Amino acid sequence: MKQTALPSFHRQVSITPLASFGALVAPVDPAMDCLGIPVDHLRALVGHSKLVVLRGFANRFSGQGLADYARRWGPIMTGPYGDVLDLFEKESRDGVFDSLFLPLHWDGMYMPTVPELQIFNCVDAGPLNTGGETVFVDTVGLLENAGASVLDKWRAIETTSCILAVSNYGGCVRSALVVEHPRHHVPTLRYSPTGDATPDFRNPHTVTHEGLDRASMDESIAELHRCLAHPAHRYEHAWRTGDVLIADNLALLHGRNAFVRGSSRHLQRVHVHADPVLVNLGFSPPKK
């Protein structure tokens, strides 16, 4: 998708477009604290670019500091882990704590509510060139670039995704493949493919599709997978220690490239609710 000019909001920072979509915000003076950037200006930039990376600022967030910063954006979504989820490799039934490939998904798909924003903090990027990039797909741009006949077929599809209960999520979610962004009122995708999951993945999910005949469905899903992998709609973020990344969870899908087992890679994540809070109407909790 062709990007329009980025909004300018602060003379003390530079704003650079990222590949495909997104924006990198860096200080002119490396002694600058990112807390000095007004959140309403950054929110406008996220609305424009869907993803914003703050890099090179003097301050570093602790776990609670990240939660305090996220509350500037809105009410945060907590879980059994507290305000901040620490993401690093550890023994768990949950694949988010593995070093393997993590399929594309949206956060909150197996939860009663869906957050509007994700705010990530990179505590430790791990060794260079060892993988672990977080993959984002711009579903708004993808749908804008889709042909009318393809889009009509995608609009007819409903998906049901199910996963065993682990950590703080689980169950099933039923959704139209194409849904409206509740804030920006543009079409988005709600989809989590399974085909690239490795055999060793700890908690694979299942996906079923309805709405088209078998041949049309197979063709439509294959085209969808090609579009999800296309560089025009895809950004793979190579983390640097200290990066803070704010992403629109409603416009984007995200996943993870595999990384070298035993890496020190450590991210922290906070979810920020929309106003009003978005209820996940298609969610069914796991059966007890």
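Which residue in β17 does D138 stand opposite? I looked this up before anything else, keeping in mind that the model is predicted, and I found that D138 stands opposite L252 in β17.

**Entry on the sheet**

I then followed the two strands outward from that pair, and noted that β9 (residues 134-138) and β17 (residues 252-256) run antiparallel and are joined by 5 bridges. Looking for the sheet they belong to, I found an open one made of 4 strands, which I read in the order β6-β17-β9-β15, with antiparallel pairing. At its edges I noted β6 (102-105) and β15 (234-237), each of which has a single partner strand, so that one side of each is left without a neighbour in the sheet. I also looked up the angle between neighbouring strands here, and wrote down that they are turned by 15° against each other on average, direction ignored.

**Entry on T139**

Next I turned to T139, which I found in helix α3 (residues 139-145). Is T139 buried or exposed? I entered T139 as buried, because its relative accessibility is 0%, and the cut-off for that word is under 20%. I then listed what T139 touches when its neighbours within four places in sequence are left aside, and the list holds P187, T188 and L189 together with A251, L252 and L253. I marked L252 in that list, since I had already met L252 in β17 as the residue opposite D138.

**Entry on the cysteines**

How many disulfides does the structure hold? I found 1 disulfide, and I traced this bond to C162 and C172, with a distance of 2.0 Å from S to S. The pair links distant parts of the chain, as C162 lies in strand β10 (residues 158-166) and C172 lies in strand β11 (residues 169-176), 10 residues apart. I looked up the torsion about the S-S bond of C162 and C172 as well, and because this torsion is about 110°, I recorded the disulfide as right-handed.

For accessibility, I noted that C162 is partly exposed, with a relative accessible area of 22%, and that C172 is also partly exposed, with a relative accessible area of 25%. I then checked C34, which is in no disulfide, and found that the nearest cysteine sulfur, that of C122, is 14 Å away. C34 counts as buried, at 2% relative accessibility. My last look was at C227, which also counts as buried, at 13% relative accessibility.

Technical notes:
Residues numbered from 1 in each chain as written. Predicted model: local features only at pLDDT ≥ 70, side-chain atom pairs only at ≥ 80, totals over all residues. Heavy atoms only, no water. Pairing = 2+ DSSP bridges. Axes fitted to C-alpha atoms, helices over the stretch in contact; angles between N-to-C directions. Buried < 20%, exposed > 50% of the residue type's maximum accessible area, 1.4 Å probe, protein only. Contact = heavy atoms within 4.5 Å. Disulfide = S-S within 2.5 Å.
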